[in-house]
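Work through the exercises below with the model open. Try each task before you read its solution.

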Amino acid sequence: MSAEIVVLRNPGAGRGRHRGSLPGVLERLGAAGRPVRVLDAASAAEAEQACRDAVAAGAGALVAMGGDGTVHVAQQAVAGTAVPLGVIPAGTGNDFATSTGLPADLYAAADAIAAALREGRTRALDLARITCLDGTVRWYGAVLAAGFDAIVNERGNRMRWPRGPLRYDVAVLLELARLRPRRYTVTVDGQTSVLDAVLLAVGNTAAYGGGMRICPDADATDGLLDMVWAEPVSRATLIRIKPRVYQGTHITHPKVRSLRAREITIAAEGIVCYADGERISALPVTITAVPQAVHLLG
């Protein structure tokens, strides 16, 4: 019971609005009766390596304090291990935390993690494993985007102006102006087909992008991935469909399709996919549902 609680914190998460909350979070985590240590890292790469080192050294738990990107970094270290993961939702979207039923308040989340550690209680959840063309493996807990939203992210990341959230809004407008269907070769549990789509996402859980329930029926305990896509539609139709994604009602639109599978390979020209909001790789990628790959605290 003396194995330490290791905390990965992103002070810039949530546009920095939770910067002053760390002492209170650490105090609540300390109620588990274990030593608590905050990792030092100056970049995402350093943070991931620090997490891997902590897990290899026998950490009793890894706690990610930040948004989905911070959770994504922590998942790379704990996936497939017995080291449990705690999540303190301090980002702007917190889609993984919301989709898995964790407390929205960061202090309540810390209390729940401490209680789970005291009681030796975790929940086993699936993760999705991405295998890239070069053999690189990444894990994600929420949603992989490989359609319009991924294209918008890629455009936004290239833009130098405007700064801040407005950059994404401008990227949406620019990509809407040049909207066109993309041709995908998709292999679903060994069966290959070709489809044209403007939106395409593969979910382990339901939401991405700060509450958009793109894969509303995804369940991180069923050992399956949910793939949702929108067939070719006009700009006007896509604009009408997109707001419905927040409630998950887009799934009933006649141009929206879905399926479930254990393994999905997606190939298309000129598309870089994003998972948990993080840039992953140019397609093709293979996504595999891995049952009980992470042990969640709280």
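**Exercise 1. Find the bridge partner of T265 in strand 16, then list what else pairs with that strand.**

Step 1. T265 has T286 as its bridge partner in strand 16. Strands here are DSSP runs of E, at least two residues long, and helices are runs of H or I, at least four residues long, both numbered from the N terminus.

Step 2. Strand 13 and strand 16 are joined by 4 bridges and run antiparallel. Two strands pair if DSSP finds at least two bridges between them.

Step 3. Strand 5 (residues 123-132) also pairs with strand 16, in the antiparallel sense, over 9 bridges. Here R129 stands opposite T288.

Step 4. Strand 16 covers residues 285-296 and is mostly covered, with 9 of its 12 residues buried. Buried means under 20% relative accessible area, exposed over 50%, and partly exposed in between, for a 1.4 Å probe and protein chains only.

A note on the source: this is a predicted model, in which local features need pLDDT of at least 70 and side-chain atom pairs count only at pLDDT 80 or more, while totals for chains, interfaces and linings use all residues. Residues are numbered from 1 along each chain as its sequence is written, and side-chain values use heavy atoms, with hydrogens and water left out.

**Exercise 2. Is I130 buried or exposed, and which residues does I130 contact?**

Step 1. Locate I130 in strand 5.

Step 2. I130 counts as buried because its relative accessible area is 0%.

Step 3. Leave aside neighbours within four places in sequence. I130 then contacts T136, V137, R138, Y140, L144, A275, I280, V285 and T286. Contact means heavy atoms within 4.5 Å.

Step 4. Check a distance along the way. I130 and S281 are 151 residues apart along the chain, and their C-alpha atoms are separated by 9.6 Å.

**Exercise 3. Sort the residues of strand 8 by face, and find the partners of this strand.**

Step 1. Recall the pattern. In a regular strand the side chains alternate between the two faces of the sheet.

Step 2. Apply it to strand 8 (residues 182-188). R182, Y184, V186 and V188 form the covered face. R183, T185 and T187 form the uncovered one.

Step 3. Strand 9 (residues 191-197) joins strand 8 through 7 bridges, running antiparallel. R182 has A197 as its bridge partner there.

Step 4. Look at the hairpin of these two strands. There are 2 residues between them, and D189 takes a positive phi near 50°.

Step 5. Strand 13 (residues 263-267) is also antiparallel to strand 8, with 4 bridges. V186 stands opposite I266.

**Exercise 4. In what order do the 6 strands of the open sheet lie, and which helix packs on the sheet?**

Step 1. The order is 12-11-10-7-14-15, with antiparallel pairing.

Step 2. Strand 12 (256-261) and strand 15 (278-282) are the edges, each pairing on one side only.

Step 3. Neighbouring strands are turned by 20° against each other on average, direction ignored. Axes are lines fitted to C-alpha atoms, for helices over the stretch in contact, and angles run from 0 to 180 degrees between N-to-C directions.

Step 4. Helix 6 (residues 148-158) packs on this sheet and touches strand 7, strand 10 (199-203), strand 14 and strand 15. Its direction makes about 95° with that of strand 14.

Step 5. Strand 7 (residues 143-145) and strand 14 (residues 272-275) share 2 bridges. A145 stands opposite Y274.

**Exercise 5. Which residues line the largest cavity, and what classes do they fall into?**

Step 1. The lining consists of G147, F148, I151, E175, R178, L179, R180, R182 and V198. On a 1 Å grid over the protein atoms alone, a cavity is a set of points where a 1.4 Å probe fits but cannot get out; a pocket is an open set with protein on both sides within 12 Å along at least five of seven lines, and lining residues have an atom within 4 Å of a point.

Step 2. By class, the lining has 4 nonpolar, 1 polar and 4 charged residues. Ala, Val, Leu, Ile, Met, Phe, Trp, Tyr, Cys and Pro count as nonpolar, Asp, Glu, Lys and Arg as charged, and the others, Gly among them, as polar.
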